[in-house]
Amino acid sequence: MSAIIRLENVTKTYPMGEVEVHALRGLNLEVPQGQFVVLLGPSGSGKTTTLNLIGGLDRPTEGKVVVEGEDIARLNDRRLTQYRAAKVGFVFQFFNLIPTLTAAENIAFALELVTRDRKAIQERTAALLALVGLANRGNHFPSQLSGGEQQRVAIARALANRPSIVLADEPTGNLDVETGRQVLQALRDLNRQEGVTVVLVTHNTAIAPLADRVVRLHNGTVASDEHNPHPAPASALNW
Amino acid sequence: MRPTMRRKTWRDLRAAWAQSLALVVIVALGISSLMALTGAYRDLGASYRHTYDSLHFADVTFRVRAAPTAAAAKLAALDGVQAVTPRLVVDTGYELPDGVPIRARLIGIASGQQPAVNQVYLLEGEFLSSDDPQGVLVESHFAKAYGLHPGDTVTPIIMGKKTPLTVRGIVASPEYLIVSPSRQEVMPSARTFGVFFVALNELQRLTNAQGKVNEFCLLFTPHADADAVVKAARAVLTPYGVESATLAKDQPSAAALKLDLEGYREMSNTIPALILLVAALSLYVMLGRMVRSQRQQIGLMRALGYSRRQVAAHYLAFALLIGATGAVVGAGLGVLLARGITTAYATELGIPLIQVRFYPDLLLEGVLISLMLAALAGWGPTRAISRLRPAQAMRLNPVEALARGRRTLLERLLPWTFSLTVRMALRNAFRARRRAASTWISIVFAVMLVLMSWGMWDSMNYMLDRNFRQIERWDALAVFSQPQTSDALNDVRHWEGVREVTPALVFPVTLKADGQHKDVLLSALPPDQTMHRWFVLDGVSPLKALQDGGVLLTPLLAQNLSLNVGDTLTVQTPFGDKKVVLRGLVDELYGSNAFVGLDTAEAWTGAPVAVYTAFYVRAEADRLTALKKDLFRLPGAASATLKRDMERDWRSLMNLFYVFMGFLAVFAGGMAFAVLFNAMTVNVLERERELATMRAIGASLRRIAAMLALETVVLWLLAVAPGLFLGWYVGDAMMRSFSTELMTLQAHIETHSYVLTAVGVLITALLGALPAIRRVGKLNLAEATKILT
């Protein structure tokens, strides 16, 4: 399988007052297309930084972040924006839905970034809502949805433009266990059905069995990299 | 306050420096407007008083037919009289170098020393020496208008002869701070009326009035009984034919200055109050939003054990710091502006002794108002949030943190019309009602302030245009000191270039009603004339009113005399008291105009043949200069005026007003920008996570900018109509409050001003949003998408 994501000797240093914080220290990582990867690690291990670099939300201090053969670290702001709109789907810990848009409109908002075809937008929105089990909640505003429902809308939004990569940062961090399982299962199903590459960041080790591969980060480098030939269903997870 | 809290206060201010600065600007503008306008008002009043006191401005001036100079000694001996100056005053003509005649007043004063009363202030050159019969002192306004300096020659017409005199000095006179020939002619006329001070004995010689004077200027002792002194002086002068006794307050220049100052007082009270009100509301809204945005920190402080009082004190200190800084900046700016306004105003008017003072009470008032505004603005939200339980204040529930979304009424009515971007902008505009309301209020106030100042400018122009285009339809006006007959009228009608002549009788009268009286110039015109158009506000048509023997008055005059249409009043004329009925109120630029029919006035005079004291002339444009000369050369002509000159004088007088309005417009613009900048910045700050999310999922900055701009446009659309209405309403109220006998003002705002104001405020609002949009572009998306507020 070819690598859709490749991080080569990536370092990331943040100035913090008069000292520098080294979030990543020469990180190397390759993720093949269609893989479900969990990045595990304690706070400060560099997992969120890695996710942000892949998503084009941040730039590395040194090294390359190659996605689908293109070093995104070299893209200007406009092209980086286009990259995010077309190739990446984000799922945030706090869901980050736009409160003034309904569930359907939140998904359409992402779709409108790449197409103006109203009919296509409507059809795709309906299909995505059905996919995450919220076909009858499309006209509800985020404030009228539960946390789990909001996160599922966020997943649908992340998938709106058929991205090749979905990046999820602690997607269950603000959900109860049962809702968290549903969200994880939704991500797993989408990965399998749509062939989307998923990179999920968590500090929760209980989630690891869900993944095809578990990469543990420590102090800005890869501490371990394990492949899981028999991923567990989300229903089997407990935390 | 504890040291750490104190540090936090400073750092909070520094962190939100741009918003804090905008708040400081808002407070500073409010305070500086108070200090500048009120300070300038006081300075102007003080300058007038100082000039009057220093130059011994007469408490009363008696005009007699002719009296020996020695009569002054009898007056000086009266109780309550401190000093007396006898003088000879001769109204005559003056021919400008291009041959154009104007009016002149020669005042004979004892040479070699300043008169005891009504001294002059030497601005240039020297005083008249005792052995200099050919010397003349020229009043400064006239000298300025025609560029006269010591050494120049002037040629007033004395006894029908041009008499060359050498200018020895340029002087300011307390009697001519505003140059008006008479109480009835309040319009300053420096270009058409010159005042010259000459040696008394020389003027007596030139006018064949040796040993005679016709005016006595009296200065009272402190605490003198003015009525008693006037009565006693009148008794002394009765043998010499007392024509008038004019108290200081009724003296033409003093009365005009008083009217001017009254108008200014209204302005200096109203405008700062309005700006302070806007500042107070803006501060309340903005500080409230800033405090509420620190809700979590407040919860944390409470959780750590800080008392409610300590937390409240911290945020109050934040507000007070802004208030205090605004007060200091505003006070400094205000003092400078007050000096600038006073100096510009006084210099333009020719007030020689300018008093510019620092008013500690105003400073104290300004500082107290700022601190009170800031404290009130900061107190409400701080109190509300510090009362929250710490856990409640710190709660970070992403579901609860969401604003409630809802479809707008417009969408429900027209669901198919709007794109997602428009829908989002509409919903964002109303998602947080408090936020929307505060932004809306900011825009309403901005529109109001700008339109108000712009509208005053328009109104002034409109009033002048209306007066000189629609009301006054003559080209030249000749006023005669000796009545003219029909023969003279017919002569003028046949002059080259003359198209039409309307005769009139114009004479000073006193209108009396309900125990009140007003001195005005009464114009008697043929009811069907076309030279002066009457706009009737109340009552019957002018034709009918004047044909029926009635009188037309301006509303201000009727109001001052407590008269309604249909009431009877007494007109005290040189031909006796006459009873007339007020038949209509007419809208005029001058606040104190009165009109009767020509037939009515002719009947009053009792003259066997028709006589006239004024000719209104319509003529070819290229003949006007010559016409003016010819009219002035008519026997008995007191003045000849071209309408275009009169209009130029008015517009020149308005220059100061325009400067003032410009100043107000800059204030309004600055205020609008500061208010809108803060509103827009807070709008973005409160939604950073949401905007960062949009950026993260691929929305371009341009799209987000368009959305924010659209939100601003939505609020602007809702605010523009009430803002324009308020601007018109407040502007109208202000213009009415500034109306004096000198002129009647009312709001008349041009359509393009409404449009430009609305568009200008929209552009200001969008510019105000620019820094916020730039901030969105610079957001650390990785961090901002995790912020939960």
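**Chain B: domains, one residue, and the contact with chain A**

Okay, let's start with the layout: the domain assignment splits chain B into domain 1 (1-58 + 255-395), domain 2 (59-250) and domain 3 (472-647), with bounds that come from an automatic or database domain assignment. Keep in mind that this is a predicted model, where local features need pLDDT of at least 70, side-chain atom pairs count only at pLDDT 80 or more, and totals for chains, interfaces and linings use all residues. Residues are numbered from 1 along each chain as its sequence is written, and chains are lettered from A in the order in which they are written.

So, domains 2 and 3 of chain B: their centres, taken over C-alpha atoms, sit 29 Å apart. In contact here are 10 residues of domain 2 and 13 of domain 3, where contact means C-beta atoms, placed from the backbone, within 7 Å. The domain 2 side has 2 nonpolar, 4 polar and 4 charged residues. Nonpolar is Ala, Val, Leu, Ile, Met, Phe, Trp, Tyr, Cys and Pro; charged is Asp, Glu, Lys and Arg; the others, Gly among them, are polar.

Now, B:A83. You'll find B:A83 in strand β2 (residues 81-95) of chain B; strands are DSSP runs of E, at least two residues, and helices are runs of H or I, at least four, numbered from the N terminus. Leaving out residues up to four places away in sequence, B:A83 touches B:H56, B:A116, B:V117 and B:L219.

Last, chain A. That contact takes 25 residues from chain B and 29 from chain A. On the chain B side, α13(B) gives the largest share, 5 residues.

Methods
Contact = placed C-beta atoms within 7 Å.
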